[in-house]
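Student: I have the model open and want to work through some questions on it. Can we begin?

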Amino acid sequence: MPSVKLARKSTDTDMTPFVDIAFLLLSFFIMATKFKPPEPVKVETPNSVSSEKLKTENSVLITIDNESKVYVSFGGKTDADKAKITGIITALNSSRNLGLTPQEIANFSSTPIIGVPFAGLKDLLSRPLQEREKIKQPGIPVLDTLNNELIWWIGEAKKAFGGTKLIYLVKGDNVSKYPAFEAVINSLRKNEEFKYFLITGQEGAPAGSELDVMRKSNR
Amino acid sequence: MASIEGGDGGGGHKKGPGVKKAKKLSTRVDMTPMVDLGFLLITFFIFTATLSTPSTLDLNMPKDTNKDEEQTKAKQSGALTIMLGKNNNVYYYEGELAPDGANFKQTTFKGIRDIIINKKKSVIASYTGNAACEDKARKAGKTDIKYECADEDFVVVIKPTEEATYKNTVDILDEMAINNVKRFAMVKIADSERELISATEGGPAPATTPAP
């Protein structure tokens, strides 16, 4: 008896194109990824409607963490910038009698963030790099107007960078309290600096608001 | 088709007639583990990719000055004072604070936008002309003179308390940008205002007290 035999088709599918695409994507992401530099202090910034991009060349970054502690760090990638940053600590060493050794001064430019009062700076800089990155710092004293050490930091940074215009970045945490921010602004104002950039996340202008209307009409 | 015979096929050592042909091994490799790994890496890189670049919000502060002629003048009629309290509370009053605190009101960050917009509208509506400003705008080549000058008297004074967070401060500065407030100032809070805020925050807030 003749019977119709159905050809048994294999359930295997050729996965080659699929794998090709997968690895294409993989190589794209490997190449396109820029890793976030490790953040010694975790800060969650608020959002703003500002669309200006962040610039980090020749910048002084003042960080306020969630406990309203203030930290300072100096941006600079080239050797000339590093020399200037070392100049900051050399000047502070002599003006504030910190008693730092040359090795401790050299350690300064590799320290990611400074958040200690001048009294604790020697101890911080004498530690090896790994400890300096991880150690919990007490924050620069700013709230006491008579002993606002941030004024010194900014003053020396201004001197060390000489003619170059410094950009002052303020990166505050959502829950940090206003007095810390006010103290930071005041110490910048004491140094005759009146333009700052607050680092924020991005959000769109609310629909129908004046800014929204202005942006749309410009387009 | 040319093929290389595997040397160690089944019964490879027997030679001569009747030799079993070496079993042809499949050249297919099971790619599943490789694909698994590939996708694992893709997921990893997608998640770690920094997609959101931070932006910056400009803030310009005026120079500290005691000289009268250098100080920024603000008309009482066009002033709106906003105070930031704890727990994201916002307080405001228009013009000057009444001695009994009658015009001292409470709102939220959601409500403050309408208050700013309304105040701006009322300042623009009551605009009668400002020769100095209009001259300046004309010289600067501005086309819409009235638009440039009508809100000249509108000033927002921001007074954050010690309890306000940095987020509150940025939010209110953002509100200035959103509503295109050209003149605003950040000022230290006065004691009388602080007392009013603590009285409001300490006692039951009128708006949230349920009716008996």
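Student: What should the 13 residues of α5(B) span, and how far apart are its end C-alpha atoms?

Tutor: This is a predicted model, and the helix can be checked against its own length. At 1.5 Å a residue, the 13 residues of α5(B) should span 18 Å. The end C-alpha atoms agree with that, as they are 18 Å apart.

Student: How many of the 13 residues of α5(B) are buried?

Tutor: A residue counts as buried when 20 or more other C-beta atoms lie within 10 Å of its own. In α5(B) the buried residues include B:Tyr166, B:Val170, B:Leu173 and B:Ile178. Charged names such as B:Lys167, B:Asp171 and B:Glu175 are buried as well. The helix is mostly covered, and the buried count is eleven.

Student: Which residue just after α5(B) takes a positive phi?

Tutor: Most residues other than glycine have a negative phi, so a positive one deserves a look. The residue lies in the loop between α5 and β6 (184–186) of chain B. With 15 other C-beta atoms within 10 Å, this residue is partly exposed. Its phi is about 55°, and the residue is B:Asn180.

Student: Is A:Glu192 buried or exposed?

Tutor: A:Glu192 also has a positive phi, near 60°. This residue sits in the loop between α7 (178–190) and β6 of chain A. The cut-off for exposed is 12 or fewer neighbours. A:Glu192 has 11 C-beta neighbours inside 10 Å, so the residue is exposed.

Student: Which elements give two or more residues to the side of chain B that touches chain A?

Tutor: Here 38 residues of chain B are in contact with 49 residues of chain A. The chain B side divides into 19 nonpolar, twelve polar and seven charged residues. The elements that give two or more are α1 (32–48), β1 (55–60) and α5 (166–178) of chain B.

Student: Which residue in β1(B) stands opposite A:Phe197?

Tutor: Strand β6 (residues 195–202) of chain A runs antiparallel to β1(B). Six bridges join the two strands. Opposite A:Phe197 stands B:Asp58.

Student: Which chain B residue is in contact with A:Gly172?

Tutor: A:Gly172 belongs to strand β5 (residues 167–172) of chain A. With 30 C-beta neighbours inside 10 Å, A:Gly172 is buried. Leaving aside neighbours within four places in sequence, its contacts in chain A are A:Thr45, A:Ile64 and A:Phe181. The contact from chain B is B:Tyr166.

Student: How far apart in space are A:Gly172 and A:Phe197?

Tutor: In sequence the two are 25 residues apart. In space, C-alpha to C-alpha, the distance is 11 Å.

Methods
Residues are numbered from 1 along each chain as its sequence is written. Chains are lettered from A and ligands numbered from 1 in the order in which they are written. This is a predicted model: local features need pLDDT of at least 70, side-chain atom pairs count only at pLDDT 80 or more; totals for chains, interfaces and linings use all residues. Two residues are in contact if their C-beta atoms, placed from the backbone, lie within 7 Å. Helices (H or I, at least four residues) and strands (E, at least two) are DSSP runs, numbered from the N terminus. Two strands pair if DSSP finds at least two bridges between them. The expected span of a helix is 1.5 Å times one less than its number of residues.
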